Amino acid sequence: MKFFVDTADTAEIRDLASSGLLDGVTTNPSLIAKAGGDFFDILKDICDAVDGPVSAEVTAVDAASMIAEGEKLAKLADNIAVKVPLTLDGLKACRHLSDQGTMVNVTLCFSAVQALMAGKAGATFISPFVGRLDDISQDGMKLIEDIRQIYNNYEEINTEILVASIRNPTHVLRSALLGADVCTIPPAVLRQLVQHPLTDRGLEAFLADWAKTGQSIT
Ligand code: E4P
């Protein structure tokens, strides 16, 4: 499974990229606003920091303008994935940009039939938002299960399932069990994935016992 980080904080991205565990980045207009600064400078900086896909979202709502914005964004770097909303205009733009060889991430997916449509439109990634479904008492992970099953039924669909709106490590665990292709994870949750209290306690005990030996490896 690929791990993307869901942030526009370039310092955080560079730090996580140094772990060698980061496969890409997703941004959205809210994350760009939170980071502050020039949209294009932030994106170029992120694209320099990671080798994998960097999602950059259009802000137009009609297909022609989305295409124009997407073409401009795609020129920023080879690893830009243009992000378009899951609307009919978004899917028209997706088909056009995808046919030009640009990676497209179709975002704001909340139903399995929406994901089917994105697959038909040639999306590189479909982004189902599991946390926002959970927030309204629906089962976000059931959506991932349904999309996985549908995509498995049709070998002509090559769209990768990019689980978005992740709130906790359990979302990542369940995504992996269901065979999702990618999780885009907030930095704090990404760091949580390696933590376990028994790991901390065990390490503390090992180091204390090692100190008693008075030895050093180096
Ligand atoms: C995905 O690409 C989105 O940026 C993101 O996962 C949205 O998550 P949120 O529901 O925490 O805002």
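**Group meeting: pockets and a few residues**

Let me start with the lining of the largest pocket: its residues split into 7 nonpolar, 8 polar and 5 charged. Before I go on, remember that this is a predicted model.

So, how big is the volume of that largest pocket? It comes out at about 300 Å³. There are 20 residues lining the largest pocket, and the closest to its centre are Asp6, Asn28, Leu31, Arg132 and Ser165. If you want to find the pocket by secondary structure, look at helix 2, residues 29–35, and strand 5, residues 103–109, since each of them supplies at least two residues of the lining. Helix 2 gives the largest share, with 3 residues.

Now the second largest pocket. Its volume is about 170 Å³. And which residues line the second largest pocket? Here they are: Phe3, Leu16, Ser19, Leu21, Leu22, Leu190, Arg191, Leu193 and Val194. By class, that lining holds 7 nonpolar residues, 1 polar and 1 charged. For anyone wondering how you spot spaces like these, you roll a probe the size of a water molecule over the atoms, and that shows where empty space is left.

Okay, on to single residues, and threonine 27 goes up now. You'll find threonine 27 in the loop between strand 2, which is 24–26, and helix 2. Is threonine 27 buried or exposed? Its relative accessibility is 1%, so threonine 27 counts as buried; the cut-off for buried is under 20%. If you click on the side chain of threonine 27, you can follow it to the backbone oxygen of serine 55, which it reaches at 2.6 Å. Serine 55 also turns up among the residues that threonine 27 touches, once you skip residues up to four places away in sequence. The others on that list are Thr7, Ala8, Ile32, Leu43, Ile46, Ala56, Glu57 and Lys83.

Next, aromatics. How many aromatic pairs does a search of the whole structure find? The search gives 3. One that I'd like you to look at is phenylalanine 39 with phenylalanine 40: the ring centres sit 5.3 Å apart and the planes are at 55 degrees, so we call this pair tilted. Why tilted? Planes under 30 degrees apart would count as stacked and over 60 as edge-to-face, and 55 degrees is neither of those. As for accessibility, phenylalanine 39 is partly exposed at a relative accessible area of 24%. Phenylalanine 40 is partly exposed as well, at 27%.

Then there's arginine 14, over in helix 1, residues 10–17. With a relative accessible area of 41%, arginine 14 is partly exposed. What is arginine 14 in contact with, leaving aside its neighbours within four places in sequence? Those contacts are Asp45, Asp48 and Ala49. For a sense of distance, take arginine 14 and lysine 142: they're 128 residues apart in sequence and 33 Å apart in space, going C-alpha to C-alpha.

Last bit, zooming out to the whole chain. The protein chain has 11 helices and 8 strands. Its C-alpha atoms fill a box of roughly 70 × 40 × 30 Å along the principal axes. There are 218 residues, and 44% of them count as buried. And if you take the contacts with a separation of 6 or more, 56% are between residues 24 or more positions apart.

Methods. Residues are numbered from 1 along each chain as its sequence is written. This is a predicted model: local features need pLDDT of at least 70, side-chain atom pairs count only at pLDDT 80 or more; totals for chains, interfaces and linings use all residues. Side-chain values use heavy atoms; hydrogens and water are left out. On a 1 Å grid over the protein atoms alone, a cavity is a set of points where a 1.4 Å probe fits but cannot get out, and a pocket is an open set with protein on both sides within 12 Å along at least five of seven lines; lining residues have an atom within 4 Å of a point. Grid points are joined across faces, edges and corners, and a volume is the space filled by probe spheres set on the points. Helices (H or I, at least four residues) and strands (E, at least two) are DSSP runs, numbered from the N terminus. Ala, Val, Leu, Ile, Met, Phe, Trp, Tyr, Cys and Pro count as nonpolar, Asp, Glu, Lys and Arg as charged, and the others, Gly among them, as polar. Buried means under 20% relative accessible area, exposed over 50%, partly exposed in between (1.4 Å probe, protein chains only). A polar contact is a pair of N or O atoms within 3.5 Å; within protein, one must be able to donate a hydrogen and the other to accept it, and residues adjacent in sequence count only if both atoms are side-chain atoms. Contact means heavy atoms within 4.5 Å. Rings of Phe, Tyr and Trp (its six-membered ring) pair if their centres lie within 6.5 Å; planes under 30 degrees apart count as stacked, over 60 as edge-to-face and the rest as tilted.
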